[in-house]
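Please take a moment to look over the sequence and the 3D view before reading on. The paragraphs below move from the sheets to the charged side chains.

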Amino acid sequence: PAAPVTISAYGEGSLPLIYNSITANNVEITGTHQVIEYLETKRTNAPTDPACENQTYGFYTGFNFMGSSYNTIQYSKASLQTAGIHFNRDPNHHNKVLHNEITNNNVMQVLTAQAPPQSEDIGAWGINLKGDDNEIAYNYLKDNNAWCSYDLVGFDHGNTIELFIAKRNLIHHNIAIND
């Protein structure tokens with residue numbers, strides 16, 4: 001705890017870009033006591049559905065907490081995914097998401113046309129929070145929306161921060177625009 005591992009940019013200029021991983025997650029966070037900072041992640045190769053206004057679909061995350069604790073993501077960017085930052089269902093606790101720019105996450109996780117609509121189209125999210133005792137603060141979140149859903153015709157579908165199976169989390173001082 002006194003000497004966390006720091007994973008960060010080196011030098012000046014643009015943030016290092018991690019994109020289009022062959023797995024669903026561009027950055028997987030496991031373990032404890034890490035600081036992940038000054039990185040950018042995005043997805044540019046998600047498939048589209050021409051019958052639904054070329055809505056992108058699939059399950060892709062920028063930063064994915066996977067059974068981790070006491071980690072911090074800060075001063076980073078995440079865009080063009082299902083969730084910019086995702087907390088997996090594994091026990092995630094005491095993590096921090098601070099001072100990040102989470103924008104244009106617009107990929108629908110499930111996008112299926114069914115008659116009648118089945119209410120199973122889900123996503124997109126700026127942050128999808130599952131876990132306890134985490135802190136989400138001082139982030140800038142904008143335009144985290146899917147634009148086409150077979151279930152919610154005429155509505156954007158997305159959330160700034162979605163809580164699911166989550167307790168005692170601190171969410172404060174974030175800016176959310178058009179989510």
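Two strands are said to pair if DSSP finds at least two bridges between them. With that in mind, and remembering that this is a predicted model, we can begin with β2 and strand β5 (residues 40–42), which pair in the parallel sense over three bridges. Within this pairing, Ile 18 is the residue that stands opposite Thr 41 of β5. Strands of a sheet are held together in general by backbone hydrogen bonds, and the pairing may be either parallel or antiparallel.

The pair just described belongs to an open sheet of six strands, which follow one another in the order β2-β5-β10-β13-β16-β19 with parallel pairing. At its edges lie β2 (17–19) and β19 (175–177), each of which pairs on one side only, and from one strand to the next the twist averages 10°.

Another open sheet, again described by six strands and parallel pairing, runs in the order β1-β4-β9-β12-β15-β18. Here the edge strands are β1 (5–7) and β18 (170–172), each pairing on one side only, while neighbouring strands are turned against each other by 10° on average, direction ignored. Inside this order, strand β9 (residues 72–74) and strand β12 (residues 96–98) pair in the parallel sense over three bridges, and Gln 74 stands opposite Leu 98 in β12.

Strand β15 (residues 135–137) contains Glu 135, a residue that repays a careful look. Which side chain of opposite charge is nearest to Glu 135? It is Lys 96, at 4.1 Å, and although Glu 135 is buried, it has no salt bridge, because a salt bridge requires the nitrogen to be within 4 Å of the carboxyl oxygen. The side chain of Glu 135 does, however, make a polar contact of 2.7 Å with that of His 172, and among the residues that Glu 135 touches are Asn 95, Val 97 and Leu 170.

How many salt bridges does a search of the whole structure find? The search finds two. One joins Glu 40 and Lys 42, whose closest N and O atoms are 3.8 Å apart; Glu 40 is buried, with a relative accessible area of 18%, whereas Lys 42 is partly exposed at 22%. In the other, the side chains of Arg 168 and Asp 133 meet at 3.0 Å, N to O. Arg 168 lies in the loop between β17 (159–167) and β18, and Asp 133 in the loop between β14 (125–132) and β15, so this pair ties together parts that are 35 residues apart in sequence. Arg 168 is exposed, with a relative accessible area of 56%, and Asp 133 is partly exposed, with 24%.

Notes. Residues are numbered from 1 along each chain as its sequence is written. This is a predicted model: local features need pLDDT of at least 70, side-chain atom pairs count only at pLDDT 80 or more; totals for chains, interfaces and linings use all residues. Side-chain values use heavy atoms; hydrogens and water are left out. Helices (H or I, at least four residues) and strands (E, at least two) are DSSP runs, numbered from the N terminus. Axes are lines fitted to C-alpha atoms, for helices over the stretch in contact, and angles run from 0 to 180 degrees between N-to-C directions. Buried means under 20% relative accessible area, exposed over 50%, partly exposed in between (1.4 Å probe, protein chains only). Lys and Arg count as positive and Asp and Glu as negative; His and the chain ends are not counted. A polar contact is a pair of N or O atoms within 3.5 Å; within protein, one must be able to donate a hydrogen and the other to accept it, and residues adjacent in sequence count only if both atoms are side-chain atoms. Contact means heavy atoms within 4.5 Å. Lists of a residue's contacts leave out its neighbours within four places in sequence.
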